Structure formats: C-alpha cells, structure tokens
Amino acid sequence: MFSFEGVRSGYGRTEVLHGIDLEVPDDGVTTVLGHNGAGKTTLLKTVMGLLPVRSGRITWDGEDITRLSAHQRVRMGLAWVPQGQKSFGSLTTRENLLVVAEAHPGGKERLDGVLDLFPALGELMDRRAGLLSGGQRQQLSIARALLTGPRLLVLDEPSEGIQPSVVQEIEEKIVGLASRSGTQVLLAEQKVGFALEAADRYAVLATGRIVRSGLADEAAVDAAREALAV
Amino acid sequence: MEILISQLFAGLSLGSVLLLAAVGLSLTFGQMGVINMAHGEFIMAGAYTAFTVQQILGSAGVSLLVSLPLAFLVGGLLGLILEATLLRRMYHRPLDTLLVTFGVSLILQQLARDIFGAPSVDVRLPELLSGPVMIFGTPVPASRVFILALTVVVVAGLSLLMSRTSLGRRIRAVVQSRELAEASGISSRRTDALTFFVGSGLAGVAGVAITLIGSTSPTLGTTYIVDAFLVVVAGGIGQIRGAVIAAAGLGLLQVFFEFGTTASIAKVIVLVIVVAFLQIRPQGIVATRTRGLA
Ligand SMILES: Nc1ncnc2c1ncn2[C@@H]1O[C@H](COP(=O)(O)OP(=O)(O)OP(=O)(O)O)[C@@H](O)[C@H]1O
Ligand SMILES: [Mg+2]
C-alpha cells in the first residue's frame with residue numbers, strides 16, 4: 001500500500017497540492033483524473049520524490065519515505081513514465097535503455113524481455129532518442145521504466161498525443177503488466193474513457209484537491225464525469 | 001621551411017598544453033556548467049605532485065610515470081572535496097560559484113607558498129625527454145613531443161569514457177536531465193561528484209605535463225586558467241571535438257603573432273580574435289545540434 005496523508009507540495013512558493021489523501025493498494029490500476037492544470041503531474045512528481053513535501057506524510061508499506069530522494073524511491077521499486085514522452089534526447093535508444101539498466105541490479109537481464117514487449121524499439125537502437133517520433137519515445141519511456149523492475153509504475157498521461165490504435169495497445173500492455181507481474185499502476189489521465197476502462201480505482205483531482213474517489217465500476221464513469229464537470 | 005615546421009610545431013605544442021589544461025574544464029564547466037576558478041590551482045597541485053614525487057624517488061623517468069596517475073588522484077580528490085563541501089550547495093548560482101572558487105584558488109596558492117615556498121622550483125627532465133628529436137629534419141624538444149602524445153592519449157581516453165562506458169552514459173544522462181536521471185534511479189549527486197573527480201583529476205595530469213616545459217610556482221595556475229576557459233568557450237561548450245580545434249587554433253595563432261611581436265602583444269591579439277569570433281558565433285566552433293530533452 002502506497003499512501004499520501006495530508007500531503008501539500010508545489011513549486012517554489014506556489015502550493016499546488018493542498019492536502020492530498022490517497023491510497024494506492026498493492027494490486028491493480030489506480031487512475032487520477034483531472035483537467036489541465038488540476039495538479040496531476042504535480043501529484044505524480046511528488047510521488048516520485050521530485051518535489052519537496054511541505055507537510056504531510058508519504059508512506060509505502062508502512063515505511064515513511066517522505067524524505068527519500070527520487071533515486072532512492074526508484075531503487076525501492078517506483079518507476080516513472082513522465083508526461084510528454086521525455087527521454088535523454090542526445091543519447092541513443094540503446095544508451096537510454098542501458099543507462100537505466102546499469103543503475104539497477106538485474107536491469108540488463110530484463111532488457112530482452114522489455115524489447116520483446118516493444119519490438120519497434122529493436123530497430124531504433126542506434127538512433128538518438130531526440131529523433132524518435134512521439135509514439136516511439138513513449139514506448140522507450142515505458143521500456144526504461146520497466147527495466148527497473150518496478151513494484152509501482154507511475155504513468156503521466158501515456159495516451160496524450162498518441163493515435164487511438166496505439167493508445168489501445170499501450171493500455172493493453174499496461175493492464176497486462178499489472179495483472180501478470182503483480183505490478184501496481186498509478187495513472188494520470190484526462191480522458192475518462194481510457195482511464196476508467198483500464199482502472200480498478202479512480203480519484204478525481206481538481207485544483208489540487210481530491211474531490212471524488214472510489215472503485216472504477218460502471219457507476220464510476222458518470223460519477224467521474226460529474227466531478228470533472230464541476 | 002625549417003622555420004615553418006618549427007613554428008607549426010611550436011603552435012601545436014602550445015595548443016596541446018592548452019588543451020590538456022582545458023579538457024578537465026570541458027567536463028566540469030562544459031558538462032556541469034560549474035565555473036571553477038580553482039581549476040588552475042588543481043593544475044598547480046599536479047605540478048607540485050610531480051616535484052614531490054621526484055624529491056622522494058630521485059629517478060626522473062620513474063617519477064614521471066608515478067606522478068601522472070598520482071597527480072590525477074591529487075587533483076581528483078581536491079575537486080571532490082571542493083564539490084562536496086561548497087559547490088554542491090550552489091549549482092544554480094554561477095556567480096556564487098565563481099566568487100567562492102576564486103577564494104579557494106587564493107587559499108590554495110597560499111597553501112602552496114606555505115608548503116613549498118614562494119620561489120619557483122624545477123622538476124628535472126628524464127634523460128629520454130631532455131634532448132631534441134628530429135621531425136622532417138627540424139629539431140624539436142622531445143619533452144614537447146611527449147606532451148603532444150600525452151594530450152592525444154588523454155583526449156582519446158576521455159572521449160572513449162564519455163561515449164562508451166557506463167560512467168560516460170550516466171554523466172551525459174544527468175547533464176541532459178537531472179530530473180529524469182534521478183527518476184530513473186540514477187543518483188545525480190554521486191554522478192556530479194564523479195564527474196568533478198575526473199575533471200579535476202585531468203587538471204592534475206596537465207600539471208605534471210607542464211613541469212616538463214617550465215618551472216613550478218604557487219601562481220602557476222593563474223597562467224593557464226583564462227586560456228583554459230577560452231578553449232572551452234571557443235570550442236563550443238560541452239564539445240571535446242570543438243575544444244581540440246580551438247586549442248590548436250589558439251596555439252597556432254599565438255605563435256604566429258608572437259613571431260615579430262612579443263608574447264603579450266600576441267596574447268592580446270588572440271584574445272581580440274576570440275572575442276570577435278564569439279560575437280559572430282556565440283555557440284563556439286562546434287555547436288550542440290540535438291534537441292536536448294525530447
Ligand atoms: N514548474 C512549475 N512552476 C510553477 N508552477 C507550476 C509548475 N508546473 C506546474 N505548475 C502549476 O501547477 C498547477 C498544476 O500543474 P500540473 O502540471 O500538475 O497540472 P496537470 O494536471 O498535470 O495538467 P496537464 O493535464 O495539463 O498535464 C498549474 O496551475 C501549473 O500552472
Ligand atoms: Mg500533467
């Protein structure tokens with residue numbers, strides 16, 4: 001169980017998250033919904049340890065990790081797929097994968113399995129990541145995250161800017177992963193459809209506060225739409 | 001003809017010394033963006049390491065071989081201490097970094113004066129390097145040929161380190177995006193420290209080389225620091241290839257203008273040329289072409 005207790009965070013003097021309580025159970029997909037600027041990215045960066053927590057606590061399996069740095073959290077099993085298909089642009093695809101694999105015990109052994117999951121990357125190994133298309137970079141980004149052998153995979157709008165058929169494919173891969181390897185997934189999304197199809201639980205974020213949350217059943221779609229409309 | 005060859009060689013030789021003094025900076029300044037004014041004093045520390053080793057071991061040849069790796073360690077450790085105690089706190093404040101490292105450079109100079117005295121000392125040349133060698137029938141100092149070769153080895157080694165090794169990949173990843181590197185499980189602090197260790201260590205190696213062509217004094221570093229920054233900036237920040245071209249160019253220009261004028265006038269002319277060049281091409285000789293974070 002990964003949990004936020006009254007977490008406040010933001011950038012410099014600006015507070016963006018005003019006391020978030022959130023629980024991500026040990027299995028399945030949890031989705032955070034919200035409009036542009038609601039604070040989804042800020043929430044996920046705070047999960048990763050990339051933004052300082054002003055007050056409140058972050059715990060994982062009972063252990064307080066509020067003060068741990070990002071790379072320490074990643075070593076514990078967190079992995080991040082940032083918004084906007086970010087990669088190490090001047091490094092090649094191979095180097096992008098290697099630099100992550102080398103930082104994790106067992107990373108190199110996972111390389112083949114990850115490339116099986118994204119066969120398109122196999123042909124782009126020597127191309128600079130900065131020259132890949134958005135969709136290719138998204139795959140690279142997820143591949144990098146998987147190399148760390150995560151227990152909790154954090155994805156920030158993976159469907160953004162990607163054609164619908166590929167979104168479908170990515171969604172299937174994410175859900176498949178979650179059920180197969182027991183990896184839990186925390187997903188930020190704007191599109192209610194995509195988000196709730198894949199999700200087991202959801203939370204709606206609006207201007208830095210969680211305004212609704214629950215199980216992602218049939219009723220949830222309407223509930224979430226309603227919460228987003230406000 | 002003979003004059004041309006000897007001038008050409010003198011220029012390249014000067015360029016190789018400049019390059020050696022600057023390669024470390026191409027890491028700490030070029031990659032990490034830290035303006036370390038004490039880099040010159042790390043060179044000086046390398047030179048005094050060579051001097052001390054020779055005092056202890058006696059044999060000039062053996063001392064030189066021992067000094068090179070040892071000076072790398074000395075420079076590297078000085079860099080590591082500076083990074084861990086001061087620079088780490090001011091990565092986003094270049095002006096503070098400049099002032100603090102300037103202070104550190106003065107302290108290191110005073111320290112050298114206290115330990116080794118103010119007058120300059122000399123390191124004896126190994127037998128093999130003390131005479132001239134013939135290049136196209138023109139005699140040139142063997143010590144300078146050695147420095148040229150050392151520079152080639154050091155620069156090639158650094159390029160390989162950056163392009164082929166896991167440390168090189170890690171350094172480039174952190175330079176590109178500290179955030180993404182951290183969130184990929186790479187400790188950016190440890191990487192910064194290692195980068196600084198290697199960059200400062202290379203200053204130490206440059207110091208040993210410089211003992212082969214001149215005396216060693218506590219102010220040795222001040223002679224080289226400005227030129228070293230000039231090489232990195234003119235070459236294109238973060239570009240080893242650019243630094244190589246810039247160093248060769250600077251060396252040749254300096255020697256060319258010295259011919260018929262004096263060393264100081266030549267220096268002024270070269271500086272004016274570099275400033276004018278940077279007006280036309282602020283990104284330096286070799287510009288970074290890829291989109292950084294894509
Ligand atoms: N680096 C920053 N400095 C200051 N404020 C920021 C910064 N990044 C984001 N913000 C602000 O924080 C708020 C939340 O932004 P955030 O990026 O978390 O939104 P989001 O829900 O991810 O939006 P989107 O769907 O557009 O990605 C916004 O008001 C934004 O302006
Ligand atoms: Mg966002």
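This is a short tour of a predicted model, with stops at a ligand, a pocket and some helical stretches of chain B.

**Ligand 1**

Begin by selecting ligand 1 and then show the 13 residues around it, of which A:Gly37, A:Lys40, A:Thr41, A:Thr42 and A:Gln83 come nearest. If you colour this shell by residue type, you will find three nonpolar, eight polar and two charged residues. Now show the helices as ribbons and pick out helix H1 of chain A, residues 40-48, which gives the shell three residues, the largest share.

Next, look at individual atom pairs, starting with A:Thr41, whose side chain has an N or O atom 2.7 Å from an oxygen atom of ligand 1. Move on to A:Asn36, where a polar side-chain atom lies 2.9 Å from an oxygen atom of the ligand. At A:Ala38, by contrast, look to the backbone, since an N or O atom there lies 3.3 Å from an oxygen atom of ligand 1. On its own, ligand 1 has 630 Å² of accessible area, and the protein covers 60% of that area.

**The second largest pocket**

Which residues should you select to find the centre of the second largest pocket? Choose A:Gly49, A:Ser69, B:Glu182, B:Ser188 and B:Arg189, which lie nearest the centre among the 21 residues of the lining. The space in this pocket amounts to about 520 Å³.

With the pocket in view, highlight helix H2 (70-76) of chain A, and then helix H8 (178-182) and helix H9 (188-211) of chain B, for each of these three helices supplies at least two residues of the lining. Colouring the lining by type shows seven nonpolar, five polar and nine charged residues.

**Stretches of chain B**

For the last stop, turn to chain B, for which an unreviewed UniProt entry lists residues 56-82, 94-112, 142-162, 194-216, 228-252 and 259-280 under "transmembrane region". Select residues 94-112 of chain B, and you will see a stretch that is 100% helix and 0% strand, with its end C-alpha atoms 27 Å apart. Then select residues 142-162 of chain B, a stretch that is also 100% helix and 0% strand, where the end C-alpha atoms are 30 Å apart.

Note on methods:
Residues are numbered from 1 along each chain as its sequence is written. Chains are lettered from A and ligands numbered from 1 in the order in which they are written. This is a predicted model: local features need pLDDT of at least 70, side-chain atom pairs count only at pLDDT 80 or more; totals for chains, interfaces and linings use all residues. Side-chain values use heavy atoms; hydrogens and water are left out. On a 1 Å grid over the protein atoms alone, a cavity is a set of points where a 1.4 Å probe fits but cannot get out, and a pocket is an open set with protein on both sides within 12 Å along at least five of seven lines; lining residues have an atom within 4 Å of a point. Grid points are joined across faces, edges and corners, and a volume is the space filled by probe spheres set on the points. Helices (H or I, at least four residues) and strands (E, at least two) are DSSP runs, numbered from the N terminus. Ala, Val, Leu, Ile, Met, Phe, Trp, Tyr, Cys and Pro count as nonpolar, Asp, Glu, Lys and Arg as charged, and the others, Gly among them, as polar. A residue is near a molecule or strand if one of its heavy atoms lies within 4 Å of it. A polar contact is a pair of N or O atoms within 3.5 Å; within protein, one must be able to donate a hydrogen and the other to accept it, and residues adjacent in sequence count only if both atoms are side-chain atoms. Accessible areas come from the Shrake-Rupley method with a 1.4 Å probe; for residues, only the protein chains shown count as cover. UniProt positions are given in the numbering used here, feature names are shortened, and annotations may be inferred rather than shown by experiment.
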